[in-house]
Amino acid sequence: MGRILAIDYGNKRVGLAITDPLQLIATPLETIHSQDVFTYVKAYHQREPLEAIVVGMPRTLLNEPTDVTSAVVGLVRRLRRELPDVPLHEIDERYTSRMAHQAMLAGGLSKKDRRDKATVDRVSATLILQSFLNSR
């Protein structure tokens with residue numbers, strides 16, 4: 001059984017999370033620059049084949065596109081083109097940043113760590129992935 005990778009895409013940073021080999025637990029992986037996402041995902045897939053990729057689709061509370069939605073749609077298209085053998089799933093990510101802040105607060109992270117946007121992106125990706133795992 002392969003791992004599942006989750007992507008929380010932003011214009012500057014991309015939060016990544018990965019499952020364990022049994023696909024039971026989502027774990028934060030890394031935060032990378034948005035320009036490096038394709039190189040990183042392809043290299044990861046070569047090292048350790050992915051069974052699927054989950055991408056958080058940003059929408060407003062009124063279910064309208066955000067300023068990042070078009071970039072995420074482009075990301076999804078390119079991933080499907082460059083990794084056609086890997087199923088790609090889109091998941092609503094409307095509340096993940098707020099939930100990430102709450103999870104970090106509950107986890108006892110310091111105020112300084114909670115302000116680190118790279119940490120928020122990784123935790124958001126983890127929440128996106130865990131939500132996907134729970135929905136299956």
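How many helices and how many strands are there in the chain? There are five of each, helices and strands alike.

1. **Ground rules.** This is a predicted model: local features need pLDDT of at least 70, side-chain atom pairs count only at pLDDT 80 or more, and totals for chains, interfaces and linings use all residues. Residues are numbered from 1 along each chain as its sequence is written, and side-chain values use heavy atoms, with hydrogens and water left out.

2. **Overall layout.** Along the sequence the pattern reads β-β-β-α-β-α-β-α-α-α. Helices (H or I, at least four residues) and strands (E, at least two) are DSSP runs, numbered from the N terminus. The chain has 136 residues, and 45% of them count as buried. Buried means under 20% relative accessible area, exposed means over 50%, and partly exposed lies in between (1.4 Å probe, protein chains only).

3. **Surface and contacts.** About 7,700 Å² of the chain is exposed, and carbon and sulfur atoms supply 52% of that. Accessible areas come from the Shrake-Rupley method with a 1.4 Å probe; for residues, only the protein chains shown count as cover. Take contacts between residues at least 6 apart in sequence: 61% of them join residues at least 24 apart. Contact here means heavy atoms within 4.5 Å.

4. **The helix pair.** Helix 1 covers residues 37–47 and helix 2 covers residues 69–82. They pack at an angle of about 35 degrees, with their axes 11 Å apart. Axes are lines fitted to C-alpha atoms, for helices over the stretch in contact, and angles run from 0 to 180 degrees between N-to-C directions. The crossing of helix 1 and helix 2 is right-handed. A crossing is right-handed if the near helix is turned clockwise from the far one by less than a right angle, and left-handed if anticlockwise. Helix 1 brings Val37, Phe38, Val41 and Lys42 to the meeting. Helix 2 brings Leu75, Arg78, Leu79 and Glu82.

5. **A charged tie between those helices.** Lys42 and Glu82 form a salt bridge, their closest N and O atoms 3.2 Å apart. Lys42 belongs to helix 1 and Glu82 to helix 2, so the pair ties together parts 40 residues apart in sequence. Lys42 is partly exposed at 37% relative accessible area. Glu82 is partly exposed too, at 28%. A salt bridge is a side-chain nitrogen of Lys or Arg within 4 Å of a carboxyl oxygen of Asp or Glu.

6. **Another bridge from helix 2.** Glu90 forms a salt bridge with Arg80, the closest N and O atoms lying 3.7 Å apart. Glu90 sits in strand 5 (residues 88–92) and Arg80 in helix 2, so this pair ties together parts 10 residues apart in sequence. Glu90 is partly exposed, with 43% relative accessible area. Arg80 counts as partly exposed at 41%. Salt bridges with shared partners also join Lys42, Arg78 and Glu82 into one network.

7. **A bridge back to strand 1.** The structure holds five salt bridges. One of them pairs Glu48 with Arg3, with 2.3 Å between the closest N and O atoms. Glu48 is in the loop between helix 1 and strand 4 (50–57), while Arg3 is in strand 1 (residues 3–9), so to speak distant parts of the chain, 45 residues apart. Glu48 counts as partly exposed, at 30% relative accessibility.

8. **The loop between strands 2 and 3.** Pro21 is found in this loop and is partly exposed, at 41% relative accessible area. Leaving aside neighbours within four places in sequence, Pro21 is in contact with Met1, Gly2 and Arg3. The C-alpha atoms of Pro21 and Leu50 are 9.8 Å apart, with their positions 29 residues apart along the chain. Gln23 lies in the loop as well. Is Gln23 buried or exposed? It counts as buried, at 6% relative accessibility.

9. **A nonpolar patch.** Leu24 belongs to the loop between strand 2 (13–19) and strand 3 (26–33). Leu24 is exposed, at 56% relative accessible area. Together with Leu22 and Ile25 it forms a nonpolar surface patch of about 330 Å² accessible area. Patches are made of residues with over 30% relative accessible area and no salt bridge: like charges are joined within 9 Å, nonpolar side chains (Val, Leu, Ile, Met, Phe, Trp, Tyr) within 5 Å.

10. **Backbone points to check.** Gln23 has a positive phi of about 60 degrees, although it is not a glycine. Asn63, not a glycine either, has a positive phi of about 65 degrees. Asn63 is found in the loop between strand 4 and helix 2, and counts as partly exposed at 41% relative accessibility.
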